[in-house]
Structure formats: structure tokens, C-alpha cells
Amino acid sequence: MINNVFGLAVRVLLSDEEGKILILKRSTHSKTNPGKWELPGGKVDQGESFDQALIREVFEETKLKIYLEHVVGVSEQNLHLIRAVHIIMSGKVMDGELTLSKEHEGYAWVYFENLPEYPLADWLQYFVNQQMQLIKQEQAENNDNPSSKSIEPWLNSLKDSLDKFRKN
């Protein structure tokens, strides 16, 4: 027996040359997460690949053309009838001038560690909390090793996993 239908969404941590990431503020009239901040992206349409969906959604929301790099995480969101699974990727802007769609009413470029200062969508809050815990663990394990600071924060958990894999 299936209690929930699962829906798939894709999101991107778009970073700029300073290491800041783009977040968008949902319209206060939105059905989901009104007035909350989230990463660009949205639903994957039937027959569409993850990367096609994410590139399309980001362009629709921001008019930015992007390229994608890596999967950096996953999060869930419980909606009324659907449990949305958010696949989160890293990416960079290739071209375009940021212009918001009617879905959003604001944007900000922020450092990852400053995300908790914003009222985030619940799925993004969960992801940020998990990443912050992993960052703290890695800093404790590496005794604040300067070489680990060169890696973007959301990639810390991937680096840590690979390092542990290599040791075994």
C-alpha cells in the first residue's frame, strides 16, 4: 500500500566567483512555500532528464543560462498529497541577466553559512542543517585544516566520503 505519491524536483546551488549562492524568495501568493527562500529549480516533467529539467526551470525562473556540475544532496518535502524529493546539484551561470519570473519576488546571493538567517522552505532548511552538521564534523576531524577551506561548503560532505573511501 502506497501512502504517498512521490514527485521529483531538481534544484541548483548556483555559485558566483565569490562563492555565494543564489536563493529566490517565493511569491507570497504561491501555493507552496509562500514567502520562503529556496534554490532555483522545480519539477521534472515526464520524459525529461534531470539536467534538462533543471536548466529549463532555472531559465524560466531567472532567465539565466547555466551549466551543471555535480549532485550534492537530496532532501524531501511533505506536501498535501505528494512527497517531493529534491535532487540538489551544483552549477555555474554561463550567460544572462537575472530577471525573476512571477513565481518569485526577490533574490539574494549569499554565503552558504548565512542561509539560516533567511526563512527557508522546509526542504532547504533540512538540507542546510544536514550540511552544517557535516561541515562542523569535518572541521573537528581536520582540526580546521586550511586545505579543506578551499572546497565549497556543500561539497565538504562529498570530499569527506571520498577521503574515507580512499582510506579503506
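Here a colleague asks a modeller about a predicted model.

Colleague: Let's start with the sheet. In what order do the four strands of the open sheet lie?
Modeller: This is a good place to begin, with the model open beside you. The edge strands are β4 (41-43) and β5 (65-78), and each of them pairs on one side only. Pairing in this open sheet is mixed, and its order is β4-β1-β6-β5.

Colleague: How much are neighbouring strands of this sheet turned against each other on average?
Modeller: Keep in mind the four strands in the order β4-β1-β6-β5. With direction ignored, the average turn between neighbours is 20°.

Colleague: Which residue in β6 is the bridge partner of E76?
Modeller: Look at β5 and β6 (residues 82-95), which run antiparallel to each other and share 11 bridges. For E76, the bridge partner in β6 is V85.

Colleague: And in which sense do β1 and β6 pair?
Modeller: One bridge to look for joins F6 to R83 in β6. There are 10 bridges between β1 and β6, and their sense is parallel.

Colleague: How many bridges join β1 and β4?
Modeller: You can find one of them at A9, whose bridge partner in β4 is K43. The two strands pair in the antiparallel sense, and the number of bridges is three.

Colleague: At about what angle to β5 does helix α2 run?
Modeller: Find α2 at residues 122-141 and see that it lies across β1 (5-14), β5 and β6. Relative to β5, the helix runs at about 100°.

Colleague: Now the aromatic rings. Why is the pair of F112 and F127 edge-to-face?
Modeller: The ring centres are 6.4 Å apart, which is within the 6.5 Å cut-off for a pair. Planes over 60 degrees apart count as edge-to-face. The planes here stand at 90°, so the pair is edge-to-face.

Colleague: Where in the chain do F112 and F127 sit?
Modeller: Both of these residues are buried. They are 15 residues apart, with F112 in the loop between β7 and α2, and F127 in helix α2.

Colleague: There is another pair, W37 and Y118. How many residues apart are they?
Modeller: Their rings form an edge-to-face pair, 5.2 Å centre to centre with 70° between the planes. W37 belongs to strand β3 (residues 37-38), while Y118 is in the loop between β7 (104-110) and α2. This links distant parts of the chain, 81 residues apart.

Colleague: Is Y118 buried or partly exposed?
Modeller: Buried means under 20% relative accessible area, and exposed means over 50%. W37, at 11%, is therefore buried. Y118 has 24% relative accessibility, so Y118 is partly exposed.

Colleague: Let's go inside. Which element supplies the largest share of the largest nonpolar core?
Modeller: This core has 19 residues, and L13, L39, F112 and L115 have the most contacts inside it. At least two residues come from each of β2, β7 and α2. The largest share is six residues, and they come from α2.

Colleague: How many residues does the other core have?
Modeller: This core lies apart from the largest one, and you can look for I66, L68, I87 and M89 among its members. Its count is 15 residues.

Colleague: One last stop: is S27 buried or exposed?
Modeller: S27 lies in the loop between β2 (21-26) and β3. Beyond its neighbours up to four places away in sequence, S27 touches P34, G35, K102, E103, H104 and E105. Its relative accessible area is 11%, so S27 is buried.

Definitions and conventions
Residues are numbered from 1 along each chain as its sequence is written. This is a predicted model: local features need pLDDT of at least 70, side-chain atom pairs count only at pLDDT 80 or more; totals for chains, interfaces and linings use all residues. Side-chain values use heavy atoms; hydrogens and water are left out. Two strands pair if DSSP finds at least two bridges between them. Axes are lines fitted to C-alpha atoms, for helices over the stretch in contact, and angles run from 0 to 180 degrees between N-to-C directions. Contact means heavy atoms within 4.5 Å. Rings of Phe, Tyr and Trp (its six-membered ring) pair if their centres lie within 6.5 Å; planes under 30 degrees apart count as stacked, over 60 as edge-to-face and the rest as tilted. Buried means under 20% relative accessible area, exposed over 50%, partly exposed in between (1.4 Å probe, protein chains only). A nonpolar core is a set of buried Ala, Val, Leu, Ile, Met, Phe, Trp, Tyr and Cys residues joined through side-chain atoms within 4.5 Å.
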